[in-house]
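Morning, everyone. Let me walk you through a structure that is new to most of you. Have a look first, then we go piece by piece.

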Amino acid sequence: MGINEDIQDVEEEIKKTPYNKATSHHIGKLKAKLARLRDEVVKKSASKGGGEGYSVRKSGDATVTLVGFPSVGKSTLLNKLTDANSEVGAYEFTTLDVIPGVLEHNNATIQILDVPGLVKGAASGRGRGREVISVVRNCDLVVFMLDVFQNYHHTVLTQELYDAGIRLNQKAPDVVIKRQDRGGVTISSTKELDLTEDLIKAILNEYKIHNAHVLIRDKIDVDQLIDVIMGNRVYVPAVVVVNKVDMADQYVLKKCKEEYPAATYISADKEENLEAVKDLIYEALDFIRIFLKPQGGPADMEEPLIVRKGTTVGDVCDHLHRDFRRKFRYSQIWGTSAKHPGQRAGLEHVLDDKDLLTLIIAM
């Protein structure tokens, strides 16, 4: 049997096996095998030239990818939000390449990418799926664009991205697996786990890990453990935008809002609620503003440096000049991240929104 047939068999066995305490060990091993087989399919496809993806140079303060089925209005939205000129047409697969545009909002420069529409089976390569997914894996935010009349597409799209190793609105589990030459598998955990040691060892065995120390600091499930072992998962935030509301009656709109209450509802064609989309993107990217203050001078309060939450002083050095980190002496910080005004800090200091920052660089 080929790998695809093996995958189908494992999927069927998982479906028909009732989940309970007695079967959890068996299902866990099946899930580990399924993930391994799917990874083999992706690697084989890439070796044949089907997994290279599009070449997109990232620019600006962050990169956003518009993800949706063909003809949901991604190109129209891109053209309305940015300076791009993506071809628009009422037929499938109008966009056959990646079209970048630039959104300027709240002092941030945001690159937005319009990619060919995803369809069911994209993770397996259908409809340029792997090329599109390679772009999604490298972005900072996914904007799902749905047709108000076909909002079930969201379930299909999230599953395709999940199968491709993209974890949406999740954090990477705090688990460290340190391989060793001998000694078997030892497991340490700071949390009470539902997973038994036998199951953890069985899953590691599926990936030929027979000697390792496993440190678990999160309450994880089988799927999260497999993700850590695979080591090729990416974690990306995602938001939902529902388009074509101008064409929907109150019943359709009400039903859609019940299913997606957190979504932003727009008409890209009629330019309805587009400012809300800009705000949605900006907020989802977790930007913070850093005001640079020259030594002995006033801070520039007009044009803040826009960076992502969690940015360190060292990251700012890298952003400003390639030599700043090497020549760095110390920094001074005023704001909520500082213990006192003008606190001296090193490269690893994490900055907060609206901090004032002075960099002292060796000349």
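What is the order of the six strands in the open sheet? The order is S2-S3-S1-S4-S10-S11, and the pairing is mixed. Look at the two ends. Strand S2, 99–105, and strand S11, 264–265, stand at the edges. Each has a single partner strand, so one side of each has no neighbour in the sheet.

One caution before we go on. This is a predicted model.

Now the inside of that sheet. Strand S4, residues 141–147, is joined to strand S10, residues 238–243, by six bridges. These two strands run parallel. To find the pairing on your screen, take Asp147 and look for Asn243, its bridge partner in S10.

Next, what lies across the sheet. Helix H3, residues 74–81, lies across S1, S2, S3 and S4. Here S1 is 62–67 and S3 is 108–114. The helix runs at about 155° to S3.

Is H3 mostly covered or uncovered? Mostly covered: six of its eight residues are buried. They are Lys74, Ser75, Thr76, Leu77, Leu78 and Leu81. Note that a lysine, Lys74, is on that list. And the cover? It includes S1, S2, S3 and S4, plus helix H9, 274–284.

Stay around S3 for a moment. Gly117 is in the loop between S3 and helix H4, which is 129–137. Gly117 has a relative accessible area of 5%, so it counts as buried. Its distance to Val67 is worth a look. The two are 50 residues apart in sequence, but 6.8 Å apart in space, C-alpha to C-alpha.

On to another group of strands: S6, S7 and S8. Strand S8 is residues 212–216. How many bridges join S6 to S8? Five, and the two strands run antiparallel. S6 is residues 175–179. Strand S7, residues 185–189, is also joined to S8 by five bridges, but S7 and S8 run parallel.

Pick out Ala212 in S8. Arg179 has Ala212 as its bridge partner. Val185 has Ala212 as its bridge partner too.

Now the faces. In a regular strand, side chains alternate between the two faces of the sheet. In S8, the covered face holds Ala212, Val214 and Ile216. The uncovered face holds His213 and Leu215. So a leucine sits on the uncovered face, because Leu215 is listed there with His213.

What hand does the β-α-β unit of S7, H6 and S8 have? It is left-handed. Helix H6 covers residues 197–206.

Next stop, strand S12, residues 287–292, the place of Ile288. Ile288 has 7% relative accessibility, which is under the 20% cut-off, so it counts as buried. Which residues does it touch, leaving out those up to four places away in sequence? Ile288 touches Leu305, Ile306, Val307, Arg308 and Lys309, and also Leu351, Asp352 and Asp353. Take Asp353. It is 65 residues from Ile288 in sequence and 4.6 Å away in space, C-alpha to C-alpha.

Just before that strand comes a backbone detail. Most residues other than glycine have a negative phi. Asp286 has a positive phi, near 55°. Asp286 is in the loop between H9 and S12. At 41% relative accessibility, Asp286 counts as partly exposed.

There is another case, Asn169. Its phi is positive as well, about 55°, and it is not a glycine. Asn169 is in the loop between strand S5, 166–168, and S6. Its relative accessible area is 54%, so Asn169 is exposed.

Now cysteines. How many disulfides does a search of the whole structure find? Zero. Two cysteines to look at are Cys256 and Cys317. Cys256 is buried, at 0% relative accessibility. Cys317 is buried, also at 0%.

Last, the whole chain. It has 11 helices and 16 strands. Of its 363 residues, 47% are buried. The exposed surface is about 19,500 Å², and carbon and sulfur atoms supply 47% of that. What about contacts along the chain? Among contacts with a separation of 6 or more, 66% are between residues 24 or more positions apart.

That is the tour. Questions, please.

Conventions: Residues numbered from 1 in each chain as written. Predicted model: local features only at pLDDT ≥ 70, side-chain atom pairs only at ≥ 80, totals over all residues. Heavy atoms only, no water. Buried < 20%, exposed > 50% of the residue type's maximum accessible area, 1.4 Å probe, protein only. Helix = DSSP H or I, 4+ residues; strand = E, 2+ residues; numbered from the N terminus. Pairing = 2+ DSSP bridges. Right-handed = clockwise from strand over helix to strand, strands pointing away. Contact = heavy atoms within 4.5 Å. Axes fitted to C-alpha atoms, helices over the stretch in contact; angles between N-to-C directions. Areas by Shrake-Rupley, 256 points an atom, 1.4 Å probe, with all protein chains shown as cover. Disulfide = S-S within 2.5 Å.
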